[in-house]
Amino acid sequence: MAFFRGLTAVSRIRSRVAQEATALGGVRWLQMQSASDLDLKSQLQELIPEQQDRLKKLKSEHGKVQLGNITVDMVLGGMRGMIGMLWETSLLDPEEGIRFRGLSIPECQKVLPTAIKGGEPLPEGLLWLLLTGKVPTKEQVDALSKELVTRSSVPGHVYKAIDALPVTAHPMTQFTTGVMALQVESEFQKAYDKGMPKSKFWEPTYEDCLNLIARLPPVASYVYRRIFKDGKTVAADNALDYAANFSHMLGFDDPKMLELMRLYVTIHTDHEGGNVSAHTGHLVGSALSDPYLSFAAALNGLAGPLHGLANQEVLLWIKSVIGETGSDVTTDQLKEYVWKTLKSGKVSKLYEVVPPILTELGKVKNPWPNVDAHSGVLLNHFGLSEARYYTVLFGVSRSIGIGSQLIWDRALGLPLERPKSVTMEWLENYCKKAAA
């Protein structure tokens, strides 16, 4: 397990001790629950009124408080650094990396239930944490695992929709098609068409999100086996947890691979709300599109080379280095190849040599590699070598974070997202007046 835990050190994530409640910003989020409270939806029903009141108080008492200044650079630079949305499930710490409900990855490894002693956190535990803000018991996680299995049946028309595509279509194209085909099962769409009060929107959204999360591994594994293997489906094993079942359906049952899949899914679940896939899911969901439509849109953003294709691109880049320089590459050869890559318009990261070069480039504040610099390499090492498929794994993982926040979007009654846009002429005129 030291191998897996070393990932956080490589990513320069400095751990804080989970037991130090004062350092975690409030004991409430580390509250351990009793084993009798096994129903996740019931937990949410108790929490939602409290959080609705909290939001109302925040708006009434502090609605006019300014959160910072917007500069032209922010408008022209992809809104980077601009605070513009509410995202409850995670927050990116500039020093320690992502925090899920206040907990860093090392802290999650300490407190979340595992499948084996000393193992990696179970993604079901993180789903519980993201939705409730509370660390679940092993009994609660086991109950949620069983519930996800009961929800995982995929209608036959979904596979037929995927089969209508050429087998050469990109795995993300086939995966997204499968998600869109699942949309006809949407409980939210059915409830909305019948008519229901806004205060109840979260309930069918919850059903859709849990169903979606449960059905993604069978759909994703079907895409993998259709493209890269024999095209046959592998049935879920009711005795396995979510991530292990996914690995099993892909055809990988080695215990080390099961642990890697648990770690992979956990660390890719959520990454604040401003990244392309999370923001897209939130934006489309704000129009009251159901979770299937919202998540399919998020997947299309994830498929871009500047977002979800990152771990695929890293692995392919490393292979290209070996192909051109050989496996016994020198530091000077690697530096030369890095500059060649950067000048070609592609950005790649590699542990020891690349960060100083990126710093020298002058455009990167934090040059150290994130999880995408490691995950593809590890998957390749344990046998899942089809790099084109890696973004599908990312998508399955990200459903947990996006789905959790969509449920809270509806529970809190968050409005339609509609930021103001301007033209270059408007900016030029505004700047002239400001300078006068």
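This report describes the nonpolar core, one helix pair and the cysteines of a predicted model.

## Basis

The model is predicted, so local features require pLDDT of at least 70 and side-chain atom pairs count only at pLDDT 80 or more, while totals for chains, interfaces and linings use all residues. Residues are numbered from 1 along each chain as its sequence is written, and side-chain values use heavy atoms, without hydrogens and water.

## Nonpolar core

The largest nonpolar core (buried Ala, Val, Leu, Ile, Met, Phe, Trp, Tyr and Cys residues joined through side-chain atoms within 4.5 Å) contains 79 residues. Its largest share, 14 residues, is supplied by helix α10, residues 202-228; helices are DSSP runs of H or I with at least four residues, numbered from the N terminus.

F175, L250, L384, Y389 and L393 have the most contacts inside this core. Leaving aside residues up to four places away in sequence, F175 is in contact (heavy atoms within 4.5 Å) with L216, V219, A220, V223, L299, V392, G395 and V396.

## Packing of α10 and α14

The axes of α10 and α14 (residues 291-302) lie 9 Å apart at an angle of about 50°; axes are lines fitted to C-alpha atoms over the stretch in contact, and angles run from 0 to 180 degrees between N-to-C directions. The two helices are therefore oblique to each other, a class holding angles that are not under 35, over 145 or 65 to 115 degrees.

On α10, T205, D208, C209, N211, L212, R215 and L216 meet P291, Y292 and F295 of α14.

## Cysteines

The model has 0 disulfides, defined as pairs of cysteine sulfur atoms within 2.5 Å. C209 is buried at 2% relative accessible area, whereas C431 is partly exposed at 35%; buried means under 20%, exposed over 50% and partly exposed in between, with a 1.4 Å probe and protein chains only.
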